[in-house]
Amino acid sequence: MNLSIALVDDEMIERKAMRKIIEDHFGKTIICGEAANGRQAIQLADEKRPNIMLMDIKMPGIDGLEAIERIKEKHPDIKFIMISAYDLFDYAKQAMKKGVKEYILKPATKEETIQAILNVYREIAEEQMNQERKKYAAEIAKKHFLQQIMDQNITKDLQTIKQEYFPTMKAGFFLVIDLEREEEREILSRKITETYRYSIIQEKNRAPFIMLIMSEDTVDKAEVLRFVRMLFLTSSGKKWMGIGGIYEQLQDFPRSFNEALLALGQLKVQNRGGYGFPTHTEAAVQEILKEILDCLLQNDVIRAIKHVKQTDEENLQPLYVLIKQNLHTKGIDTQNCSIDNSKSLSEWASFLHQCSLSVQQFYRSQGYVERAKQYIRNHFNELLTLEQVAEKVELSPPYFAKIFKEETGKTFVDYVTELRLEKAKELLLQNQLSFKEISFAVGYRDPNYFSRVFKKYFHMSPRAFRNTILKK
């Protein structure tokens, strides 16, 4: 902590003596200014904001006690050490009432002065440490508050945090932003906190940029749109800004978060960027349907549930019907997959889990991996990609990669590589083709790369392998 001290005394000789004592012990830079009366002391406090002021009691005009009272109204953190030639209990009593921490009698000794300053310094340091602890605890509590809302987990402790840190909050909404230029995050954060005192912003290195904005006044959509438009026009960088609904009750905040995510997803299809609330249209439901079906293919029920949470309540029943219809059209049995209450997340979780199991069983029964292996065996000497083979067997690349690894125990790349190298060994043993010809024959267009891959797998080069075999 950088300590700064101001000296206030109407006697110049006293100030000089005090300055020498302090500078000899604490260094030349610790004194930030001097004043000869109470009025100058008030001005000095405004200009320099010292940590400690050594204040004489008896001064012409505004005396020391009155100056302290006025300074503390504007600067409550400044600490005072009273200096007086009067050893009167009345003065000391008044000074202590006004928050004076130490009382030194003139002429003060070096030891008394230094000890008084050290006592006050320790108190300041302890207060600052306590403030830092409180600030850190508040940050942790606010981050917890935000994360629990995002996780749809509204508990009693969130109500407690709201009462402690946001006691006058009347409305809140989520804003989720994707930025083309990450350096704009700091600018947007500053603009948001300048406009709304109550705001929590997720860690700045996370994407997308998520914030919960709370107002001490009621706000409507038009006002929020004006505010977000101002943010959108802050800089020229491309950005997408999804706005969630504005709610007054804490239990509705998770819905605002889901709506903001939904709005962002809808806006992302616009390459030019944009901002706005979500539009709950049939097209939006179809987009969510597509995402959920992809999740079921990949057995990712957790992500599928997140998409359900982002869906407006009136669209949940249509979404349920569409999922059943799509799976049935593909020939997947969903007889054991059902929901009684489309607004129940627990029922949705059970439903999606059963659907995922049915999807996995169906695709395994269709022999997709065996068909893919046969295609690879017939085309191993050509340029092969996972996407190309997945398309041949009519599966999405992520799901194809997953079931291929599960059934063969190998990744697609490892499987193709091993097949090619086994064929290369056969050709090397026949001793009829050059190394370059063998490289092309097994699907490698770069003989040097072929040689490196061969050596990595068999711990010897193709030439060394051929020579070893022929010597035998």
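# A guided tour, starting at Glu394

Select Glu394: this residue is exposed, with a relative accessible area of 64%. The model on your screen is a predicted one. Glu394 sits in the loop between helix H15 (386–392) and H16. Now add Tyr368. The two residues are 26 apart along the chain, and their C-alpha atoms are separated by 8.5 Å.

**Helix H16**

Step on to residues 397–408. This is H16, a helix of 12 residues. From first C-alpha to last, H16 reaches 16 Å, close to the 16 Å expected at 1.5 Å a residue. Show the side chains of Tyr399, Phe400, Ile403 and Phe404, the buried residues of H16. Why do they share one side of H16? They cover an arc of only 130° around the axis, and that puts them on the same side. Then click Gly409, which follows H16. The phi of Gly409 is positive, near 80°.

**The cores**

Keep Phe400 selected. Add Ile323, Trp348 and Leu352. Within the largest nonpolar core, which has 60 residues, these four touch the most other members. In soluble globular proteins, nonpolar side chains tend to be buried together.

Centre on Leu352. Which residues does Leu352 touch, leaving aside those up to four places away in sequence? They are Ile292, Leu296, Val301, Ala304, Ile305, Val308 and Ile323. A second core, separate from the largest one, has 24 residues. Ala141, Leu146, Ile161 and Ile200 are among them.

**The sheet**

Switch to a cartoon view and find the open sheet. In what order do its 5 strands stand? The order is S2-S1-S3-S4-S5, and the pairing is parallel. Colour S2 (31–35) and S5 (102–105), the strands at the edges. Each has a single partner strand, so one side of each is left without a neighbour in the sheet. From one strand to the next, the twist averages 20°.

Zoom in on S1 (5–8). Ile5 and Leu7 point one way from this strand. Ala6 and Val8 point the other way. All four are buried. In a regular strand the side chains alternate between the two faces of the sheet.

Now bring in S2 beside S1. The two strands run parallel, joined by 4 bridges. Pick Leu7; its bridge partner in S2 is Glu34.

Move across to S3 (residues 52–56) and S4 (residues 79–84). They pair in the parallel sense over 5 bridges. Select Met55 and look to S4: Met82 stands opposite.

Next, select H1, residues 12–26. This helix lies across S1, S2, S3 and S4. H1 runs at about 170° to S2.

**Asp9**

Between S1 and H1 there is a loop, and Asp9 is in it. Is Asp9 buried or exposed? Its relative accessibility is 6%, so Asp9 counts as buried. Show its contacts, again without residues up to four places away in sequence: Glu14, Arg15, Ala35, Ala36, Asp56, Met59 and Lys106.

**Ser439**

For the last stop, go to helix H18 (residues 435–441) and select Ser439. At 0% relative accessibility, this serine counts as buried. What does Ser439 touch, not counting residues up to four places away in sequence? Display Tyr444, Asp446, Pro447 and Phe450: these are its contacts.

Terms used: Residues are numbered from 1 along each chain as its sequence is written. This is a predicted model: local features need pLDDT of at least 70, side-chain atom pairs count only at pLDDT 80 or more; totals for chains, interfaces and linings use all residues. Side-chain values use heavy atoms; hydrogens and water are left out. The expected span of a helix is 1.5 Å times one less than its number of residues. Buried means under 20% relative accessible area, exposed over 50%, partly exposed in between (1.4 Å probe, protein chains only). The arc is that of the directions from the helix axis to the C-beta atoms. A nonpolar core is a set of buried Ala, Val, Leu, Ile, Met, Phe, Trp, Tyr and Cys residues joined through side-chain atoms within 4.5 Å. Contact means heavy atoms within 4.5 Å. Two strands pair if DSSP finds at least two bridges between them. Axes are lines fitted to C-alpha atoms, for helices over the stretch in contact, and angles run from 0 to 180 degrees between N-to-C directions.
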